[in-house]
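Student: Could you take me on a close look at a single part of this model? I'd like one spot to start from, and then how it sits in the rest of the chain and the complex.

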Amino acid sequence: MCRLLDYSKGLGFMTISPDVLFSVAGFPVTNTVVSTVFVDVILAFVAFFVSKTASLKPTRFQNVLEIIVDYFHSTTSEIAGKKVDFIYPWVLTFFLFILISNFIGELPGFEEAFTVSTKNSQEVSLFRTVASDLNFTLAIAVISVVLAMLKSIKYIGIKGYISRFISFKMFPIFLFVGTLEFINEFTKVVGLSFRLFGNMFAGSSVIETVYHSIAFLIVPVPFVALELMIAVIQAMVFAMLTMAFMHIMTENADH
Amino acid sequence: MEMLNIFGLKPSLFLFQVINFLIIFLILKKFMIVPLKKIFNERERKIKQSMQDAEEAKIALANAKKEKDRIIHQAQISANVLVADTKLSVEKARESAFQDIKEKTTHILSDAKQKAEMEFQTAQKEIGQMSVELSGKLITKILSDLFSDDEKQKLINRALEKINETRTN
């Protein structure tokens, strides 16, 4: 197991891969899986709460949610036009999931307070920032790109979609452009997943290092504030890029 | 494969995250996004309806104001006409009453005059009669001592004739 930070005993040491807590029928339950379920519970609770209490006269909580939903709806509407109803629920879900998981990861003591012993008698954190697991960031990046691809196929058809990558017009220029486009589909996934993963993993590492080395109460505050800002920015960047990809992939069909 | 192990990439974990995200998407869409969108639409509809109602109310108010002004104007005209008619009627009534009173007064005066004339004539007749009777009695009384019965009778007759002549004249 690769240790990114392994200063010494008592200092922070965070592995790039999530720690496996236990296995269920061969499925490795890692601390990011536990955190993911925790985030799921929060989001599901919020969703059920909204469905039960939503009214025309909003509460403060509903107001906050309405601001977020309305922001994404109007922004998507400005960019994607008629495709807004398909795109914005996805974009909003990406944003909320990443934001909540990042925020929870930045809670003081989230990763340090709860530890469990593994089979190897190793003490590991019960929770870990979800986005510091490449499995998660890669999964949502793949979903984002595949959605854009499916939407593109729906708009321009499978033939039109393939012709984006393989075209013999003005040979060999468009074939070369098509090849670049094809590579671009993979770089999108890599870019989206590693950007989020890198930022959140680095942030978590910094916070953990600060807590373990120069810790206490006041010193980590600026770092946590910075990480909270990064958490929002990264959630926003991922959501906006997804929106842009979906729009661009379907926009070409219009021309 | 080494790289995949370094980053902890495992197909099962990757698949778990994909399925988990899709489930969360469905939950959020069904229980949060759609209800909030419905509320947005309903609110927008109500705002539009309210704006429309307000606009209609504004138009109705303007119409009502116009109608009020028209009614007041018409009422003013009617009132003026009524006042003028009333004045005219009063004037006519006054004129008529005055004429009536005048006629009645003339009639009363005429009646009174006639009655007075008749009274006067009756009184004159009665006075004449009385004066004749008195004159007769006086003459009878005076002459009874101076003349004989024949002479008295002649004188009386003559006097009576004279008196009658005077009366008739």
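Tutor: Let's start at A:Ile207. Setting aside neighbours within four places in sequence, A:Ile207 is in contact with A:Glu106, A:Pro220, A:Phe223, A:Val224 and A:Glu227. This is a predicted model, so take each contact as a feature of the prediction. A:Ile207 belongs to helix H5 of chain A, which covers residues 173–212. Is A:Ile207 buried or exposed? Buried: it has 24 other C-beta atoms within 10 Å, and the cut-off for calling a residue buried is 20 or more. Take one of those partners, A:Pro220: along the chain A:Pro220 and A:Ile207 are 13 residues apart, and their C-alpha atoms are separated by 6.9 Å.

Another partner, A:Glu106, points us back along the chain. Helix H3 of chain A runs over residues 84–106, and H3(A) is a good guide to the packing here.

Take H3(A) with H2(A) to begin with. Their axes come within 9 Å of each other and cross at roughly 135 degrees. That angle is why H2(A) counts as oblique to H3(A), given that only angles over 145 degrees would count as roughly antiparallel. The crossing of these two helices, H2(A) and H3(A), is right-handed. On the H2(A) side you'll find A:Val69, A:Phe72, A:His73, A:Thr76, A:Ser77 and A:Ala80, and they meet A:Val84, A:Ile87, A:Tyr88, A:Val91, A:Leu92 and A:Phe95 of H3(A). By type, the residues of this contact between H2(A) and H3(A) split into nine nonpolar and three polar, with no charged ones.

A:Phe72 is worth a stop of its own. It sits in helix H2 of chain A, and it is buried, with 25 other C-beta atoms within 10 Å. Beyond its neighbours within four places in sequence, A:Phe72 is in contact with A:Tyr88, A:Val91, A:Leu92 and A:Phe95. Each of these four is also listed on the H3(A) side of the helix pair. For A:Leu99, the numbers are 27 residues from A:Phe72 in sequence and 14 Å in space, C-alpha to C-alpha.

Now H3(A) with H1(A). These two helices pack at an angle of about 120 degrees, with their axes 10 Å apart. H1(A) and H3(A) are therefore oblique to each other, and H1(A) passes H3(A) in a right-handed crossing. From H1(A) the contact uses A:Ser35, A:Phe38, A:Val39, A:Ile42 and A:Leu43, and from H3(A) it uses A:Leu96, A:Phe97, A:Ile100, A:Ser101 and A:Ile104. Sorted by type, the contact of H1(A) with H3(A) has eight nonpolar residues, two polar ones and no charged ones.

Step back to the whole of chain A. It has six helices and four strands, and in sequence order the pattern is β-β-α-α-α-β-β-α-α-α. Of its 255 residues, 35% count as buried. Among contacts between residues at least 6 apart in sequence, 65% join residues at least 24 apart. For a contrast with the buried residues above, look at A:Ala25, in the loop between strand E1 and E2 of chain A. A:Ala25 is exposed, with 4 other C-beta atoms within 10 Å, and it has a positive phi of about 50 degrees although it is not a glycine.

Then there's the partner chain. The contact between the chains takes 38 residues from chain A and 27 residues from chain B. Strand E2 and helices H1, H2, H3 and H4 of chain A each supply at least two residues to the side that touches chain B. H1(A) gives the most, with ten residues. That side of chain A divides into 28 nonpolar, six polar and four charged residues.

How far should you trust all this? The model scores ipTM 0.87 and pTM 0.71. Chain A averages a pLDDT of 83, and 91% of its residues score at least 70. Chain B has a mean pLDDT of 87, with 98% of its residues at 70 or more. Within chain B, confidence is lowest in helix H1(B), at a mean of 75, and highest in helix H2(B), at 90. The stretch to watch in chain A is residues 1–12, where pLDDT stays under 50. Where pLDDT is low, the predicted coordinates should not be read in detail.

Note on methods: Residues are numbered from 1 along each chain as its sequence is written. Chains are lettered from A and ligands numbered from 1 in the order in which they are written. This is a predicted model: local features need pLDDT of at least 70, side-chain atom pairs count only at pLDDT 80 or more; totals for chains, interfaces and linings use all residues. pLDDT is the predictor's confidence in each residue, from 0 to 100. Two residues are in contact if their C-beta atoms, placed from the backbone, lie within 7 Å. Ala, Val, Leu, Ile, Met, Phe, Trp, Tyr, Cys and Pro count as nonpolar, Asp, Glu, Lys and Arg as charged, and the others, Gly among them, as polar. Axes are lines fitted to C-alpha atoms, for helices over the stretch in contact, and angles run from 0 to 180 degrees between N-to-C directions. Angles under 35 degrees count as roughly parallel, over 145 as roughly antiparallel, 65 to 115 as roughly perpendicular and the rest as oblique. A crossing is left-handed if the near helix is turned anticlockwise from the far one by less than a right angle, and right-handed if clockwise. A residue is buried if 20 or more other C-beta atoms lie within 10 Å of its own, exposed if 12 or fewer, and partly exposed in between; C-beta atoms are placed from the backbone.
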